[in-house]
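Visitor: I am new to this structure and would like a close look at one part. Please take me through the salt bridges.

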Amino acid sequence: MSLEHLLLPGCTQDVRDEELEALWVALVHQAVRRAGGRVVGPVTRPQMAQSYYAIQTLAADGVEIRILLHAMGRLVAAARCDSSVYVLAFMPVPEGHLFTMAGLRVAAPEELDAPFEADVTSWPKLERDDIKYHKPERVGDVLFSWFD
């Protein structure tokens, strides 16, 4: 299934939803524990230059993973932690079925790595300008944007 239906005006903006955040945080803790890992950082909320929620976790094998939430799309994703780059290395969401059972959409790395080819001519000028300037290559780069 494609994520193209989520590429809508406003999808790069910092949307917040406190009820959804609370559900997602509880699910992250449950999923990470079931997978043998642990949560090692606080929630970061959408803000300027970050359109998504994130929690840093440590997998059982020692890999640092950020679990992400795009509130507007009710979309959960995972990416390897690397603070030295803006481009996220997407990976499967640990225990993703728990998020799906709660009514959230879990994004596969292949969906997030798909080329970004959406027509943005009807999007607000701010988003069009950000896309023109940053030139995101993948769908995931737009949905989990780092635009300033």
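Guide: This is a predicted model, and a good place to start is the pair Arg105 and Glu111, whose side chains form a salt bridge with N and O 2.6 Å apart. That distance falls within the 4 Å cut-off, so the contact counts as a salt bridge. Glu111 is buried, because its relative accessibility is 14% and the limit for that label is under 20%.

In total, the structure holds five salt bridges. Another of them joins the side chains of Arg45 and Glu21, at 2.8 Å from N to O. This pair links distant parts of the chain, with the two positions 24 residues apart. Arg45 lies in the loop between strand S1 (38–44) and strand S2 (53–58), while Glu21 belongs to helix H1 (residues 18–34). The two partners also differ in exposure: Arg45 is partly exposed, with a relative accessible area of 37%, whereas Glu21 is buried at 9% relative accessibility.

A further salt bridge is formed by Arg138 and Asp141, where the closest N and O atoms are 2.7 Å apart. Here Arg138 counts as buried, at 14% relative accessibility, and Asp141 counts as buried too, at 6%. The pair does not stand alone: Asp113, Arg138 and Asp141 are joined into one network by salt bridges that share partners.

As for why such contacts form, side chains of opposite charge can pair when their charged atoms come close.

Conventions:
Residues numbered from 1 in each chain as written. Predicted model: local features only at pLDDT ≥ 70, side-chain atom pairs only at ≥ 80, totals over all residues. Heavy atoms only, no water. Helix = DSSP H or I, 4+ residues; strand = E, 2+ residues; numbered from the N terminus. Buried < 20%, exposed > 50% of the residue type's maximum accessible area, 1.4 Å probe, protein only.
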